[in-house]
Amino acid sequence: MNNPTVTPGNRPIPGNRPIPGNRPTPNSPLMPDSWPTRTSAAAVILCLLLPACARISAQEYEILGSLTTEATAGYFSDTYALLQDRSGSDRVEPDASLTLDATHRFFLDRSELVVDHSLRVVRPDVPDVVTPGEVSVAHHVNQSYLLLMPAPWLNVSLGRQRLNWGAGFTFSSTDALHPQPADRDGDTGFDGAAVTLLGGPDFSVELALAMQDALTTGDVRDLRTAAFASAYVRTVELGASFVYQEDNIYRPGVLGSIPVGPVLLVGEAAIEVFGEPGVAEPRPIMNAAAEYTYATDRWNAILVGEYIFNGLADDALFRPVTPRLTDNAGGFAFESVQYAFFDVSLVFGSDWSTSHSGLVNLEDGSALIGHEVALLVFDGVDLGLGFAWTGGAGDTEFGGEAYPYHLYGRAWVEVHF
Amino acid sequence: MILRTGWVFVLVATAIVAGAQTQPDPQSVLDQIEERLFPESFTATMRMYTDKPGQRPTEMVLDSSHREGAGTFMVVQAPSRSRGMRFLQKEDDLWMYNPRSGSRRAIRLSPRDSFQGSVFSNNDAGDPDYSDDYTAELIGRERLAHPELGSVDCWVVEATARHERATYGRIVMYATVEDLMPLFMEYYAKSGLLFKRMYLFELKQIAGAIRPTVWRMESLEQVGAYTLVTIEALEARDDLPERLFNQAQLTR
C-alpha cells in the first residue's frame, strides 16, 4: 500500500534518529508509507544480481545486512481514523512485512563503490483500505556513491551519500544538507558530491554540494552547500560547520566534545540567519549531550541524554514540509523549541539486549517513548519485541493528531548476514 | 695479604662488570617485548574466543590495522550479528561505530572496560604498545615452565603505570633471557590486586619474526573465565593510509 497522504505523524525523530531503540519508525499502513514506488521486478533482480556481479568485477567485495520479518499492531486513536476519513473509533491495526537491508562495498583500485538499499514487502491487514491479500513492494536506495581516493590526503565521493557530521546524538545543524522525507527513518543521503581533505589522523576538512532540490526544481538557487572541519587535540574534538543556500540557509556553527572521566560531553551550536526563506532573522539551534558507557564481564550499558534547543521552531514560522525544499531548511523538523532525548541500552552477555529511549517536548510535556528487547537465538538470528507509546494531552505534540497511536507493538525475527 | 685482597677486589669488580653487561636495559627489554608481539605497523586477523562460567561461549573475528603514532582501526568480520562494526583506538580511548544501528555517532568506550565481553580490556585490544604507558624495571630472573620451550630462563620485568590513564597499575612480564620472547604476564589493578594473567603460546614464524600466535588471558576475578586470541594472519605494513585512523571517517 502506498498512501500518498503525509501527516505530521510521520515525521522522523529529530536528526533522523529512528524511533527509540534504533528501530525504524512504525511502518503501519496507517503511518503512510511513501517510499518511492519505482519498485518492480527489476529492483528485486538488482538485489540478487549485485552480489554476483560484484564478485566478478571488483577486486574485493563485501556485503552486510539483514533480513527481517516483522508483525506490528498499533492501537490508534479515533482522531487519526477521522483524519483518514474512516470510521471514527479507536482501533487496532495489524500488518506484516519482510525487509531486506543490504550494504554492498566494491573495493577497486584507489576507489570504492558503496550501495546501501532496502527492499520491503508489506502485507497490511486493513480490510477497508486494501484488497485482502494485497502486498506492496518498495525499493529504496539510501546511498549509492563512488568514493575516489586519488591521494592519501584526498577523498572525493560522487552520488547519493550520507555524511554523519556534527557532535549531537539526535541531530546536527548540518543535517540540512540531507533530504528529510517525512516518512523515512532518515538513512537517505543527499544527491551530490563531497570532498574530504585529510590533514593526518586528527584533522580533516570536508566540503559538500547537495543537488537533490535543484535537480527537482531546475533552479540553481536550490543548490545547497556545506563545509565541516574537525580537529582532535588529544581526546578533545573541536569543529566548525557552515551550511549555505541562497536566500534560504546561512548557518555557521561550532561544535566540540570532551571526555570528563567516564562521561563524554558533546555540544553543537549554530545560528540560522534566515528565519524563513528570504527573511533574515537570526535564530539559534543548539544541542548539549552527555554519554556514559560502562562494561563489566557480564553486561554493558550505554546511557545518553541530550537537550535540544530548536530556534527554528516558532508557532508563526513553523511550517510542515514544503513541496519546494526537502527539509524546510530546518534540519530539525519538530515544532517546539525545547526537547530532551534519552537512550538507555543494556547488553547482557551475548544472549540478549534491551533499549529504552524517548523524546520529550519540554514545553507541552508530551513524550514519545520506546522499549525493545532482543534475544539472540543462535548466531546471527535475533528475536525481538518492542513497543512505542505516546503520552500527553490531545492538544500536545506527541499526544495529538501528529502521533495518532496510543501504543504500537512490534515483534520480529532478524537474520544478519 | 695485600696481594690476596687485591685478587678479591679484581674478582668482585669483574663480577660486577659482567653482571652489568648481561643485565639489559629494562626499557629496551619492554620495547623488544612489544616488537616480539607485533611489528611497529601491521595488519592482522585475530580470532577471539571467550568462555565464561554460566554463559554461552562467544567467538569474534577481527581485522586489525595499526600504525605507530596514528592509532588502531579494527573491523569485526564475525559473528554475522556484529559484522561491519568498527573500532578506532585514538590516544587512550576506543571508539565504536556500528553501521547497522542507525546511530550517527561513534560511542566512546572506556579503556579499562571489557572489550566486547572478553577478558581483554578495550585498551588491550586497541593499543599494542606498552612503553608509552608504562615504565619498565627488571625485578628478577626466574625459570618458567612453558609447554613448548620447557623450563626456560626468563627476565622478570615490572612495567609500572606512568600516568593515571594507564589501564593497569602494573604488569609483570616474563620474557626469555635468550631472545626476550614474552611468555607470561600478570596484570595488577591500581589497588595492587592481581586480577588477570596471560599465557602466550604457539611460537611461529610470522611477519618476519618468531612470535607467540595464541594468547590466553585468564580472569582471576571470575574463576574459570578466559579469552583465547589466535593470530591467524599478521603482516608488517608501512603503507597504511592515515585516512584509516581519522575519526571523521569512522562513521562513513
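Reader: What makes β16(A) and β17(A) a hairpin, and which residue in the turn has a positive phi?

Author: Happy to start there, with the reminder that this is a predicted model. β16(A) and β17(A) form a hairpin with two residues between them. In the turn, Gly380(A) has a positive phi of about 85 degrees.

Reader: How do you know that β16(A) and strand β17 (residues 381–391) of chain A pair?

Author: Pairing needs at least two bridges found by DSSP. β16(A) and β17(A) have 11 bridges, in the antiparallel sense, so they count as paired. One of the bridge partnerships joins Ala374(A) to Gly384(A) in β17(A).

Reader: And what makes strand β15 (residues 352–361) of chain A a partner of strand β16 (residues 367–378) of chain A?

Author: The reasoning carries over nicely. These two strands are antiparallel over nine bridges, and the cut-off is at least two, so they pair. Ser357(A) faces Gly370(A) in β16(A). β15(A) and β16(A) also form a hairpin, with five residues between them; Gly365(A) in that turn has a positive phi of about 75 degrees.

Reader: Why is Arg110(A) called exposed?

Author: Exposed means 12 or fewer other C-beta atoms within 10 Å. Arg110(A) has 10 such neighbours, so it counts as exposed. Its place is the loop between β2 (91–108) and β3 (111–124) of chain A, and its phi is near 55 degrees, a positive value in a residue other than glycine. Most residues other than glycine have a negative phi.

Reader: Why does Ala207(B) count as partly exposed?

Author: Ala207(B) has 17 C-beta neighbours inside 10 Å. Buried would need 20 or more and exposed 12 or fewer, so the value falls in between. Ala207(B) lies in the loop between β11 (194–206) and β12 (209–219) of chain B, with a positive phi near 50 degrees.

Reader: Which class does Glu232(B) belong to, and why?

Author: Glu232(B) has 13 other C-beta atoms within 10 Å, so it is partly exposed. Glu232(B) sits in strand β13 (residues 226–236) of chain B. Leaving out residues up to four places away in sequence, Glu232(B) touches Thr45(B), Met46(B) and Arg47(B).

Reader: What makes the peptide bond between Ala78(B) and Pro79(B) stand out?

Author: That bond is cis, with omega about 5 degrees. Most peptide bonds are trans. Pro79(B) is in the loop between β3 (71–78) and β4 (86–90) of chain B.

Reader: Lastly, how many residues does each chain bring to the contact?

Author: Chain B brings 39 residues and chain A brings 37 residues. On the side of chain B that touches chain A, strand β6 (residues 107–109) gives the most, with three residues. That side divides into nine nonpolar, 16 polar and 14 charged residues.

Technical notes. Residues numbered from 1 in each chain as written. Chains lettered and ligands numbered in written order. Predicted model: local features only at pLDDT ≥ 70, side-chain atom pairs only at ≥ 80, totals over all residues. Contact = placed C-beta atoms within 7 Å. Helix = DSSP H or I, 4+ residues; strand = E, 2+ residues; numbered from the N terminus. Nonpolar A, V, L, I, M, F, W, Y, C, P; charged D, E, K, R; others polar.
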